[in-house]
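Me: I should like to go through this model by question and answer, with the reasoning set out at each step. Please begin once the sequence and structure are displayed.

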Amino acid sequence: METSVITPPYARTILATNSPVNHTSAKVLSFFLCPQSKQVTMPVTTITLPPAYSMPAPEINTPRGNNNGSDPHLRPRRQTSTIRRVIPTADANAKVAIVEEAKGVKTVDLSPFFVVDESEDNETDKARVAAELAESWEASGTFLVKVSDEDKAILQNAIKVGHDFFSLPLDEKLKINQLPVPLEDLATVVRGYVPNNKESAAAVCGRPKASPDQAEKFSWMNPATLDLLAYVMEHTKGDEDALKLERAILRPNRFYDTQMEKVMLEYTRLMGKLSNATMRAVSLAMNLGEYKLLDIVSPASRTPNVNSRLLEYPATSSTASSTSTARLQGHSDGSIVTLNYRPHDDPALGGGLQILQDGAWRAVPATGDDAIVVHPGDVLEWMSDGQFPGLFHRVGQISEGAPHRNSIATFVFPSMDFDVKILNGDENNGGQTYKSMRFSKWAKDKFDAIAGGQQLDRLESFDDHLVLPNTNKK
Ligand SMILES: O=C(O)CCC(=O)C(=O)O
Ligand SMILES: [Fe+2]
């Protein structure tokens with residue numbers, strides 16, 4: 001037994017987990033967990049890692065999926081559309097536009113992937129779901145995942161508790177702003193509250209002058225498991241950026257009170273279930289084995305990280321003077337996939353979630369609590385060699401007098417120690433379009449851009465039409 005210093009929220013996580021304790025040493029653990037304030041001293045058992053735990057580097061080079069027609073079971077790959085990030089000029093002056101509904105967005109029932117009893121596992125059903133998902137993504141860049149009646153209460157509770165939180169006075173909310181971070185340059189990796197007009201989702205995706213998001217935000221994540229921490233510690237060796245980023249990202253959640261914590265973590269568990277099913281369906285849609293994608297992005301546990309962000313766009317009387325065309329400017333997410341719940345979207349109001357289709361902004365069908373929108377982020381675009389492009393999306397401007405709008409975007413991402421490579425590209429057949437890169441490097445670039453975004457108020461002017469080239473491309 002030796003003594004180490006661990007911050008209270010992590011101590012709680014560690015005590016709550018049932019995972020076998022497989023960390024190398026408490027010293028490394030305490031370094032990783034990074035005590036900053038209110039330290040407590042608690043005993044930690046040191047256990048030497050069994051050799052079997054040392055994981056081999058993920059094997060991710062199997063070229064598959066670029067079907068030349070010889071294998072009828074392989075799905076043909078569609079190349080990335082180069083026009084998907086071109087913002088329509090017709091939109092430049094239209095402050096509030098009621099847009100048409102996007103075409104080809106299917107509702108997919110992922111329940112064949114929820115089966116726990118192996119005898120009920122049905123490969124045909126899963127293949128059908130994967131085909132539906134691929135068809136919807138290929139037609140529209142997005143699909144809707146059906147929410148079961150029993151899960152709807154979880155969604156509704158998160159929105160209710162979130163809205164109650166956003167209704168508090170600003171100084172109360174700022175109390176659970178991001179924790180001070182030991183790394184100055186990563187001060188924007190958030191847990192907790194971000195005020196209205198403070199950051200820009202678009203600034204991190206190559207649009208440095210995009211106007212700020214007209215929404216308050218609250219972020220939290222699945223609590224880090226010992227498996228994940230242990231994996232990260234082993235595999236970030238020698239990659240200082242990766243270790244720093246993990247350390248910043250796997251920081252403790254902060255909630256206003258225990259009720260908020262309970263409700264939000266329940267939401268996270270549901271997103272874990274849906275994202276696990278989505279990742280397996282996507283893996284099949286990429287003509288890979290069902291678990292291939294999960295094994296690569298979350299080798300420690302097959303449970304991907306899910307980082308959720310609850311947004312509240314205020315009732316529009318308070319943003320009526322805005323001149324920008326969108327309340328959250330067009331961008332793609334830095335995730336593998338994103339699951340977005342937006343119960344308040346309503347075609348009659350306009351201003352909801354919009355995607356680019358045929359060179360124009362189109363509304364994602366409104367679903368209330370019946371479904372969640374799921375779309376690829378940049379990492380999946382990369383891994384699929386452009387088969388599933390990171391979806392460019394925005395939240396449109398809305399007319400005066402509209403009520404507040406809530407949404408919860410959940411981003412599924414890999415651990416930092418991860419070589420983002422193409423999974424189903426075929427070098428001999430026009431594949432390998434994207435750079436191979438450590439996720440840490442890629443994420444650092446993004447976070448540097450977020451840090452730039454934090455200084456939005458220092459920009460002299462915004463330019464919502466400036467888009468930089470995609471630097472991930474070779
Ligand atoms: O509010 C929404 O519906 C979208 C939010 C979003 O795209 C984001 O936070 O990345
Ligand atoms: Fe987004």
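Me: How many salt bridges does the structure hold?
Reply: The model is a predicted one. A pair enters the count when a side-chain nitrogen of Lys or Arg is within 4 Å of a carboxyl oxygen of Asp or Glu. For the structure the count of salt bridges is 20.

Me: Lys-273 and Asp-151 meet in a salt bridge; how many residues apart in sequence are the parts that this pair ties together?
Reply: The N to O distance between the two side chains is 3.5 Å. Lys-273 belongs to helix 8, whereas Asp-151 belongs to helix 4 (residues 149-166), so the pair ties together parts whose separation in sequence is 122 residues.

Me: Is Asp-151 buried or exposed?
Reply: Its partner Lys-273 is partly exposed, at a relative accessible area of 37%. Buried means under 20% relative accessible area. Asp-151 has 10% relative accessibility and therefore counts as buried.

Me: Which residue forms a salt bridge with Lys-217, and where does that partner lie?
Reply: The closest N and O atoms of the pair are 3.1 Å apart. The bridge links distant parts of the chain, 18 residues apart, with Lys-217 in strand 6 and its partner in the loop between strand 5 and strand 6. Lys-217 is buried at 2% relative accessibility, and the partner is buried with a relative accessible area of 12%. That partner is Glu-199.

Me: Which residues are joined into one network by salt bridges that share partners?
Reply: In this network, individual salt bridges are connected through shared partners. The residues so joined are Asp-121, Glu-123, Lys-126, Arg-280 and Glu-290.

Me: Is Lys-175 buried or exposed?
Reply: The side chain of Lys-175 meets that of Glu-172 in a salt bridge of 2.5 Å, N to O. The class exposed requires over 50% relative accessible area. At 52% relative accessibility, Lys-175 is therefore exposed.

Me: Asp-369 is buried yet has no salt bridge; which side chain of opposite charge is nearest, and how far away is it?
Reply: Asp-369 is placed in the loop between strand 11 (360-363) and strand 12 (371-376). A salt bridge needs the nitrogen and oxygen within 4 Å. The nearest side chain of opposite charge to Asp-369 is that of Lys-152, at 6.9 Å.

Me: With which side chain does the side chain of Asp-369 make a polar contact?
Reply: Beyond four places in sequence, Asp-369 is in contact with Val-147, Lys-152, Leu-155, Gln-156, Tyr-341 and Pro-343. The polar contact, at 2.6 Å, is with the side chain of Gln-156.

Me: Which protein residues are the donors of the iron ion (ligand 2)?
Reply: The donor atoms lie 2.1 to 2.2 Å from the ion. In sequence the donor residues follow the spacing H-x1-D-x59-H. His-331 and Asp-333 are both buried. The donors are His-331 (NE2), Asp-333 (OD) and His-393 (NE2).

Me: Which element gives the largest share of the largest nonpolar core?
Reply: This core has 70 residues, of which Trp-137, Trp-220, Tyr-267, Ile-372 and Leu-380 touch the most other members. The largest share of the core amounts to 13 residues, and the element that supplies these is helix 8 (residues 258-285).

Me: How many residues are in the second, separate core?
Reply: Among the members of this second core are Leu-353, Ile-355, Ala-371 and Leu-391. The core is separate, and its residues number nine.

Me: Phi of Asp-385 is positive; is the residue buried or exposed?
Reply: Most residues other than glycine have a negative phi. Asp-385, with phi near 55 degrees, is found in the loop between helix 10 (378-383) and strand 13 (393-396). At a relative accessible area of 0%, Asp-385 is buried.

Me: What is the relative accessible area of Asn-197?
Reply: Asn-197 has a positive phi, near 60 degrees. The residue is found in the loop between strand 5 (192-194) and strand 6 (216-221). Asn-197 is partly exposed, and its relative accessible area is 40%.

How values were computed:
Residues numbered from 1 in each chain as written. Chains lettered and ligands numbered in written order. Predicted model: local features only at pLDDT ≥ 70, side-chain atom pairs only at ≥ 80, totals over all residues. Heavy atoms only, no water. Core = buried A, V, L, I, M, F, W, Y, C linked by side-chain atoms within 4.5 Å. Buried < 20%, exposed > 50% of the residue type's maximum accessible area, 1.4 Å probe, protein only. Helix = DSSP H or I, 4+ residues; strand = E, 2+ residues; numbered from the N terminus. Lys, Arg positive; Asp, Glu negative; His and termini not counted. Polar contact = N/O pair within 3.5 Å; in protein donor to acceptor, adjacent residues only side chain to side chain. Contact = heavy atoms within 4.5 Å. Donors = N, O, S within 2.8 Å, 3.2 Å for Na, K, Ca; no water.
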